[in-house]
Amino acid sequence: MLLSFLQQLLLAFFGTISFGLLFHVPPRHFAACGIAGAAGWLVYWGMMQLQPSAVVASLVAVIPLTILTRVFAVTRRAPVTLFLIPGIFPLVPGAGIYYTAYAFITGDSAQFVLKGAETLKIAVALAMGIAVVMSVPMLPSNLRADRKKQ
Amino acid sequence: MNDQQRVLDFVMEAGEVLLKNGAEVSRTQQTMEIMAKSLGVDSFHGYVLTNGLFASMGADYGQPAQIRSVPASEVHLGRVEAVNDLSRRIAQGKLGLEQACQELEQIKNMAYAPKVQQILAGGLGSACFALLFGGAWQDGVIALLVGMGLQVFLQWMNRWGLNKLITKFLGAAFVALATMLLNLTGIGVQPDKSIIGALMYLVPGMAMMLSVRDLIMADFLSGTIRLLDALLTALCIACGVGLVLGLVNLIPGVML
């Protein structure tokens, strides 16, 4: 259990960083990106051990991920986007897109509808999670004092 | 050129850099307004869309105004961060217009990560995702190769200047085809995991995320543009993979 936990952690961490590089995130933010991506994935993975729904797991996972990116945005003084774009990738339903296409090609209509609907639901769940966390107003803090002056 | 015109030029340029490189609409608009105000223009009005910038200075006759079309290009998040930092320093009064223009010029020329690094990152990322989604290590190796191949393929495709959707379609087809070919060697355990891992780079995660962020900031038009972008991209990927799988399926004796 611990071993597979570590394995998931490292894979998500490096997977996210690789994508960060592809979107040209400056190297000094790599670690933060990786932590955000790994956190999101680990919560997703944990949820999947507890219950079978990928939609629920995605929704639960995207919330700590987005909170973390907002924390990084303040502490590291960079836009949220910088962490959220690479960080969201482990949760994006790439598998759903593939299996939907696969079911369509093999003529399995039941699977096609099932997978297609699930993919869409995951996308909506991610969107809802991001939307909820991003709309919570930021707490005033000393770190933001200089921006407030404007 | 008077001062107001120069401020407008600078602010528009900064907005263009932000928008092109993956900033959301509200941030672009906000940054432009803050910059203009800090540089001494009080009556700046800007309107930002996913692919266009509109701005004017004041309502009097003869005041400068500008429109810019901002076509999609490769995303460079480092530039977004740099402009963000630039605007913060301008707002603090640490930078004048002259210096700010120079710095913006540097930001515009910030290098992309070297191609070799991109290829390696593409491979590593694909392998990590293939393993995360439950592939065996052999599938990870195949995803690594296909992911690197995909980056080379996309860099090569760049020369032809095809539109984004076609590029994603062909990229997805490439991933499926390359994985199928590598699996002919018999080392792969679950070809679907390798395909999914290598596909992740094409998946519209960024468009989806930007769409949500635009929509919750009530930039409905821009959010809708991004949403359509995300949906069409997903559809193109599915078609690209589907086409190859469908063709492979036609070959007698080959099971997916």
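Me: Two strands pair if DSSP finds at least two bridges between them. In strand 2 of chain B, which residue is the bridge partner of B:Tyr47?

Reply: This is a predicted model, in which local features need pLDDT (the predictor's confidence in each residue, from 0 to 100) of at least 70 and side-chain atom pairs count only at pLDDT 80 or more, while totals for chains, interfaces and linings use all residues. Residues are numbered from 1 along each chain as its sequence is written, with chains lettered from A and ligands numbered from 1 in the order in which they are written. Helices (H or I, at least four residues) and strands (E, at least two) are DSSP runs, numbered from the N terminus. Strand 1 (residues 44-49) and strand 2 of chain B run antiparallel and are joined by six bridges, and the partner of B:Tyr47 is B:Phe54.

Me: In what order do the three strands of chain B form the open sheet?

Reply: Strand 1 and strand 2 of chain B form a hairpin with two residues between them. Five bridges then join strand 2 to strand 3 (residues 65-69) of chain B, again antiparallel. The open sheet of chain B thus has the order 1-2-3.

Me: Which strands of chain B are the edge strands?

Reply: The sheet of chain B is open, with antiparallel pairing. Those that pair on one side only are strand 1 and strand 3 of chain B.

Me: What angle does the direction of helix 1 of chain B make with that of strand 2 of chain B?

Reply: Axes are lines fitted to C-alpha atoms, for helices over the stretch in contact, and angles run from 0 to 180 degrees between N-to-C directions. Contact requires C-beta atoms, placed from the backbone, within 7 Å. Helix 1 of chain B packs on the sheet and touches strand 1, strand 2 and strand 3 of chain B; its direction makes with that of strand 2 an angle of about 160°.

Me: How many of the 18 residues of helix 1 of chain B are buried?

Reply: Burial is judged from C-beta atoms placed from the backbone: 20 or more others within 10 Å make a residue buried, 12 or fewer exposed, and values in between partly exposed. Helix 1 of chain B is mostly covered, its buried residues numbering 13.

Me: How many residues of chain B are in contact with chain A?

Reply: The predictor gives the complex a pTM of 0.87 and an ipTM of 0.87. From chain A, 42 residues take part in the contact; from chain B, the number is 50.

Technical notes
Contact = placed C-beta atoms within 7 Å.
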